[in-house]
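Hi,

Here is the structure I promised to pass on. Have a look when you get a minute, and my notes are underneath.

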Amino acid sequence: MFNGGDKKEFTEVIEHTTGQVVVRYDGSAKEIKWMPRSNQFYYTRRGMKGKELVKVDPVSRIETVLSEDLPEGNFIFSPTENYLLFTIREKGPEERKDLQQILVPNDRQPGWRNRNFIHKYDLSTGMLQRLTYGYTSTLINDISADGRYLLFSCMDPFLTERSFRRLSLYRMDLHTM
């Protein structure tokens, strides 16, 4: 923290055995994550075309831009490192100001009708493919080690029994859909 309340953010990757700073980013990389298979890390930054996904080899310090126009939303890498799975939030239907329809008790909460859906982003083609649809949000639970299967869940209101919701777990074959 500087005088006057200004602050400067930076991120460092430090070699544990020597304490040497391998890579330092001033504000551009707020969150660094390690790739699932290779000994490299990645981060996102603002680029000329949009949000960029950058992969870095910490030994050689070579940066590779994997995508120049990444969709907005939270994502995870596949174990095979060739695609990303995004959770993208979609806004629910707008309510009329003079009338409110309450379908379930949670419908009284603001934003309750917004939903999260899972999308697959192919890094080689840049194609974004929606994987889940419906009236409930879907959550990514896991991906198989070979990257073929996605385990995801959704929660439905179930008003006749406690805990008043039912969790459904699905396995999707990403090759055959």
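Below is what I found, going from the whole chain down to single residues.

First, a caveat: this is a predicted model, so please read everything here in that light.

**Overall picture**

The protein chain is all about strands: there are 13 of them and 0 helices. Written out in sequence order, the pattern is simply β-β-β-β-β-β-β-β-β-β-β-β-β. For 177 residues, a compact globule would come out at a radius of gyration near 16 Å, whereas this protein chain has 21 Å. The C-alpha trace covers about 60 × 50 × 35 Å along its principal axes.

As for burial, 34% of the 177 residues in the protein chain are buried. The exposed surface of the protein chain is about 12,200 Å², and carbon and sulfur atoms account for 50% of that. On the contact side, if you take pairs of residues at least 6 apart in sequence, 33% of the contacts link residues at least 24 apart.

**An open sheet**

One sheet to look at is an open one built from 4 strands, in the order S3-S4-S5-S6, with antiparallel pairing. Strand S3 (33-34) and strand S6 (63-70) sit at its edges; each has a single partner strand, so one side of each has no neighbour in the sheet. Inside that order, S4 (residues 41-46) and S5 (residues 51-56) run antiparallel and are joined by 6 bridges. If you want a pair to click on, Tyr43 has Val54 in S5 as its bridge partner.

**The cores**

Which residues make up the largest nonpolar core? There are 11 in all: Met35, Tyr42, Leu53, Leu70, Phe75, Phe77, Leu84, Phe86, Ile88, Tyr121 and Leu123. Strands S7 (74-77) and S8 (83-90) each put in at least two residues of this core, and S8 gives the largest share, with 3 residues. Another core, of 9 residues, lies apart from it; Tyr83, Leu85, Ile118 and Met172 are among its members.

Leu70 is a handy place to centre your view of the largest core. Leaving out residues up to four places away in sequence, Leu70 touches Thr44, Lys51, Leu53, Phe75, Leu84, Phe86 and Tyr121. Of these, Leu53, Phe75, Leu84, Phe86 and Tyr121 belong to the largest core along with Leu70.

That's everything from my side. Shout if you'd like to go through any of it together.

Cheers

Terms used
Residues are numbered from 1 along each chain as its sequence is written. This is a predicted model: local features need pLDDT of at least 70, side-chain atom pairs count only at pLDDT 80 or more; totals for chains, interfaces and linings use all residues. Side-chain values use heavy atoms; hydrogens and water are left out. Two strands pair if DSSP finds at least two bridges between them. A nonpolar core is a set of buried Ala, Val, Leu, Ile, Met, Phe, Trp, Tyr and Cys residues joined through side-chain atoms within 4.5 Å. Buried means under 20% relative accessible area, exposed over 50%, partly exposed in between (1.4 Å probe, protein chains only). Contact means heavy atoms within 4.5 Å. The radius of gyration is taken over C-alpha atoms; the globule rule is 2.2 Å times the number of residues to the power 0.38. Accessible areas come from the Shrake-Rupley method with a 1.4 Å probe; for residues, only the protein chains shown count as cover.
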